[in-house]
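Me: Could you take a close look at the nonpolar core of this model and explain how the elements around it are put together?

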Amino acid sequence: MVTPGGLVVLTDRRSASGSLIEVVRAAVRGGAAWVILRERDLSYGDRAALATRLRSVVPAHRLIIAGPDPLGGEAVHLSGSDPLPSGVPLIGRSWHGTEDLSGVDYVTVSPIHPTSSKPGYGPALGVTGAAELRAPVPWLALGGIETPAQAAECAAAGAAGIAVMGALMRSPDPEGTTRDLSSAFHKAAGSHGCVTSLRTAPATSRGLVAGGAPGLGGGR
């Protein structure tokens with residue numbers, strides 16, 4: 001199973017600088033490798049329709065749905081409290097060092113930096129704090145990553161990728177912003193000998209323990 005790496009886009013239609021589809025399309029042109037569809041406040045039908053539209057602009061099999069229902073796809077990202085679905089090939093979870101990681105292929109670790117997009121989720125870990133959690137599966141750095149220097153720090157700390165929402169959604173040039181962040185991440189990952197874009201989930205990932213704050217699941 002290939003797990004997410006590189007630059008991963010988190011959607012937030014309410015803060016997007018334009019049509020969410022067009023912002024995501026631009027981010028993909030700029031080098032985004034994966035996209036996580038949040039928007040959990042939408043009705044099932046509206047969200048499923050949005051997922052279908054996003055799949056037309058995201059690389060094949062690279063759209064992940066926040067929550068336990070993959071909406072006809074094959075990948076989900078769970079909050080700390082979402083139940084583990086069955087029959088979904090790729091499962092991620094928001095992890096703060098305590099959530100149960102049984103059956104999980106990758107995690108997001110947050111917040112790396114203070115963020116205005118989702119304030120109130122505890123003190124920032126910093127990249128060192130995130131690395132010291134020693135996630136037992138590939139991890140994506142999440143929260144307040146807005147500059148190439150911050151992206152590079154995450155790579156140097158061993159993150160498989162960076163999950164970015166606000167900096168891309170609000171950007172007047174999401175393609176350029178994605179390119180800048182993605183390039184900095186990959187350059188730093190290469191210089192530190194890290195695997196950056198594609199990782200294979202360890203078979204042992206299904207059966208570990210770790211509880212905590214909400215992550216991507218409670219978003220819009």
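Reply: The largest nonpolar core, a set of buried Ala, Val, Leu, Ile, Met, Phe, Trp, Tyr and Cys residues joined through side-chain atoms within 4.5 Å, has 66 residues, and those with the most contacts inside it are Val 107, Cys 154 and Ile 162. Its largest share, 6 residues, comes from helix H1 (residues 20–29); helices (H or I, at least four residues) and strands (E, at least two) are DSSP runs numbered from the N terminus. The model is predicted, with local features needing pLDDT of at least 70 and side-chain atom pairs pLDDT 80 or more, whereas totals for chains, interfaces and linings use all residues. Residues are numbered from 1 along each chain as its sequence is written, and side-chain values use heavy atoms, with hydrogens and water left out.

Val 107 lies in strand E7 (residues 106–109), from which Val 107 and Val 109 point one way and Tyr 106 and Thr 108 the other, all of them buried, that is, under 20% relative accessible area with a 1.4 Å probe and protein chains only. E7 pairs in the parallel sense with strand E6 (residues 90–95) over 4 bridges, where pairing requires at least two DSSP bridges, and also in the parallel sense with strand E8 (residues 139–142) over 3 bridges. Tyr 106 is the bridge partner of Gly 92, and Leu 140 that of Thr 108.

Ile 162, not counting residues up to four places away in sequence, touches several residues, including Val 8, Ala 151, Cys 154, Leu 181 and Phe 185, contact meaning heavy atoms within 4.5 Å. Cys 154 and Ala 151 are among the residues of H4 that meet H6, where Leu 181 and Phe 185 are among the partners.

Note on methods:
Buried means under 20% relative accessible area, exposed over 50%, partly exposed in between (1.4 Å probe, protein chains only).
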